[in-house]
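Here's a structure to look through together. Have it open beside you, and let's start with one residue and work outwards.

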Amino acid sequence: MSSESPRREPTETTPAADARTRILEATVVLSGRHGMSGFNVEAVASAAGVSRATIYRHFTGGREQMVTEAVAFEVGRFVDGLGLDDDGDLSLTDRLVQVLMRGRGEIAGHDVLGRLLVREPEAVMARLESVQPIFQDVMAAALARHLEREDLRPEVEPTEAATHLARMVLSYVTSPGMWDLSDETQVRTLVDEELLGAIVA
């Protein structure tokens, strides 16, 4: 996923963008510039080219719902860009290495998510709590297809293993802790020991 710079601030003339999408995109842009608490509904309405009434029609919970859904919207686009559904013959290990390295690199370089996770990590993660299961389920479904081709330990249930892997990948991508996800050697160690050690035979 690209950073904010190639994306123009949404306007009424944005091709094929409905009002709700323009509102979410405008909220993402303004969050990156001013932080999640640094703008109001009027600013979003102006940036999206809609009225306040339109915003409240789409987001009955007001500004809080709008900001929460905007964070979820942008993370959703980020997850789509991880390449879990790419065709090819990569092993599960190689696929996870690719996803972790690509994911961390893109989130660190993403003008909005990168800044927000540095400036307001607690706020971002709190807003994601309600929607994280959705992203986790999408990622788990993709990982399950890869697990079907692996020789799993006898006690491992594939669906549960896919869910566990999805949770771990999302956790490390957003908060890698001691691991340097730009170092392929470290990432392979992380995948082999922490992610797949108890799953793959």
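Let's begin with leucine 147. Skipping the neighbours within four places in sequence, leucine 147 is in contact with Leu92, Leu152, Pro158, Ala161, Ala162, Leu165 and Ile199. Keep in mind that you're looking at a predicted model. Leucine 147 belongs to helix α8. Is leucine 147 buried or exposed? With a relative accessible area of 2%, leucine 147 falls under the 20% cut-off, so leucine 147 counts as buried.

One of those partners sits well along the chain: leucine 147 and isoleucine 199 are 52 residues apart, yet their C-alpha atoms are separated by 9.4 Å. You can play the same game with methionine 168, which lies in helix α9. Leaving out residues up to four places away in sequence, methionine 168 touches Glu194 and Leu195. Here are the two pairs:

| Pair | Apart in sequence | C-alpha to C-alpha |
|---|---|---|
| Leucine 147 and isoleucine 199 | 52 residues | 9.4 Å |
| Methionine 168 and leucine 195 | 27 residues | 7.3 Å |

Now zoom out to the whole chain. How many helices and strands does the chain have? The count is 10 helices and zero strands. Of the 201 residues, 44% count as buried. As for contacts between residues at least 6 apart in sequence, 68% of them join residues at least 24 apart.

Next, the inside. In soluble globular proteins, nonpolar side chains tend to be buried together. In this model, the largest nonpolar core has 50 residues, and Ile55, Leu96, Leu100 and Leu195 have the most contacts inside it. Several helices give two or more residues to this core: α1, α2 (41-48), α4 (62-80), α5 (92-109), α8 (132-147), α9 (158-174) and α10 (184-195). Which of them gives the most? That's α9, with eight residues.

Leucine 100 is a nice one to click on. Not counting residues up to four places away in sequence, leucine 100 touches Val169, Tyr172, Val173, Leu181, Val187, Leu190, Val191 and Leu195.

Time for helix α1. This helix has 16 residues and reaches 22 Å from its first C-alpha to its last, close to the 22 Å expected at 1.5 Å a residue. Plenty of residues in α1 are buried, including Arg22, Ile23, Leu24, Glu25 and Ala26. Just after α1 comes glycine 35, with a positive phi of about 80 degrees.

Threonine 27 lies in α1 too, in the stretch of residues 19-34. Its relative accessible area is 0%, so threonine 27 is buried. Beyond its neighbours within four places in sequence, threonine 27 is in contact with Phe39, Val44, Met66, Val67 and Ala70.

Phenylalanine 39 has another partner worth a look. The charged end of arginine 63 sits over the ring of phenylalanine 39, 4.7 Å from the ring's centre. And how many aromatic pairs turn up in a search of the whole structure? Zero.

Finally, how confident is the predictor? The mean pLDDT of the chain is 79, with 74% of its residues reaching 70 or more. Among the elements, α2 has the highest mean pLDDT (95), while helix α6 (residues 111-119) has the lowest (62). Over residues 1-16, pLDDT stays under 50, and the model has 38 contacts beyond four places in sequence for that stretch.

Technical notes:
Residues are numbered from 1 along each chain as its sequence is written. Side-chain values use heavy atoms; hydrogens and water are left out. Helices (H or I, at least four residues) and strands (E, at least two) are DSSP runs, numbered from the N terminus. Buried means under 20% relative accessible area, exposed over 50%, partly exposed in between (1.4 Å probe, protein chains only). Contact means heavy atoms within 4.5 Å. A nonpolar core is a set of buried Ala, Val, Leu, Ile, Met, Phe, Trp, Tyr and Cys residues joined through side-chain atoms within 4.5 Å. Rings of Phe, Tyr and Trp (its six-membered ring) pair if their centres lie within 6.5 Å; planes under 30 degrees apart count as stacked, over 60 as edge-to-face and the rest as tilted. A charge sits over a ring if NZ of Lys or CZ of Arg is within 6 Å of the ring centre and within 35 degrees of the ring normal. pLDDT is the predictor's confidence in each residue, from 0 to 100. The expected span of a helix is 1.5 Å times one less than its number of residues.
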